[in-house]
Amino acid sequence: MATLVLLSILACVLVGNMGKIFRRCELAQVLHQAGMNGFRGYSLADWLCMAFHESRFNTDTVDHEADGSTDNGIFQINSRQWCDDYRSSTQNLCHMHCSGE
């Protein structure tokens, strides 16, 4: 559960109201300040690799899935379980909007 809380807080910090495309070092600094280096055994390099391959460091990235859900933001958080995109049925386990607003 702590992981979900940390990721939801991080998602809000990274998404905000307007999209942003981070530079690699800039995102590394944000993630480091958020305490992500070594979190649950994953290095800062792991988090950066995931963010690059999921969104190219772009917080506005949205991918529409076949089931009607969306993958959102820099880490592509799925609306089916983790956030509410107002378009599909969701569990919204993090109690947040997919846009981070």
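**Close-up views of a predicted model**

At a relative accessible area of 7%, D85 counts as buried; the term buried stands for under 20% relative accessible area, exposed for over 50%, and partly exposed for what lies in between (1.4 Å probe, protein chains only). The model is predicted, so local features need a pLDDT of at least 70 and side-chain atom pairs count only at pLDDT 80 or more, whereas totals for chains, interfaces and linings use all residues. Residues are numbered from 1 along each chain as its sequence is written, and side-chain values use heavy atoms, with hydrogens and water left out.

**Figure 1. The surroundings of D85 in the segment after β3.**
The side chain of D85 makes a polar contact of 2.9 Å with the side chain of T70. Another polar contact, of 3.1 Å, links the side chains of D85 and S79. A polar contact is a pair of N or O atoms within 3.5 Å; within protein, one of them must be able to donate a hydrogen and the other to accept it, and residues adjacent in sequence count only if both atoms are side-chain atoms. When neighbours within four places in sequence are left aside, D85 is in contact (heavy atoms within 4.5 Å) with G68, S69, T70, S79 and C98. The last of these, C98, takes part in the disulfide of the next view.

**Figure 2. The one disulfide of the structure.**
C83 and C98 are joined with an S to S distance of 2.0 Å; a disulfide is defined as a pair of cysteine sulfur atoms within 2.5 Å. The torsion about the S-S bond of C83 and C98 is about 95°, and therefore the disulfide is right-handed. Both C83 and C98 lie in the segment after β3 (77-78), so the pair ties together parts that are 15 residues apart in sequence. C83 is buried at a relative accessible area of 2%, and C98 is buried at 12%. Two further cysteines may be viewed beside this pair. C25 is exposed, with a relative accessible area of 64%, while C49 is partly exposed at 42%.

**Figure 3. The chain and its elements.**
Three helices and three strands make up the elements of the chain, and from the N terminus on they run α-α-α-β-β-β. Helices (H or I, at least four residues) and strands (E, at least two) are DSSP runs, numbered from the N terminus. Of the 101 residues of the chain, 40% count as buried. Among contacts between residues at least 6 apart in sequence, 34% join residues at least 24 apart.

**Figure 4. The largest nonpolar core, with 13 residues.**
A nonpolar core is a set of buried Ala, Val, Leu, Ile, Met, Phe, Trp, Tyr and Cys residues joined through side-chain atoms within 4.5 Å. The residues with the most contacts inside this core are L27, L31, L48, F57 and I74. At least two residues of the core come from each of α2 (24-33) and α3 (44-55). The largest share, four residues, is supplied by α3. In soluble globular proteins, nonpolar side chains tend to be buried together.

**Figure 5. Helix α3 and its buried side.**
The expected span of a helix is 1.5 Å times one less than its number of residues. For the 12 residues of α3 this gives 16 Å, and the end C-alpha atoms of α3 are 16 Å apart, which agrees. Which residues of α3 are buried? They are L44, W47, L48, A51 and S55. These residues cover an arc of only 100° around the axis, which puts them on the same side of α3; the arc is that of the directions from the helix axis to the C-beta atoms. An α-helix has 3.6 residues a turn, so residues three or four places apart point the same way.

**Figure 6. Residues with a positive phi, R56 and H95.**
R56 comes just after α3 and lies in the loop between α3 and β1 (62-64). Phi of R56 is near 55°, a positive value in a residue other than glycine. R56 is partly exposed, with a relative accessible area of 48%. H95, in the segment after β3, also has a phi near 55° and is a residue other than glycine. H95 is exposed at a relative accessible area of 69%.

**Figure 7. W82 and C94.**
W82 is placed in the segment after β3. W82 is partly exposed at a relative accessible area of 25%. The C-alpha atoms of W82 and C94 are separated by 5.3 Å, although the two residues are 12 residues apart along the chain.
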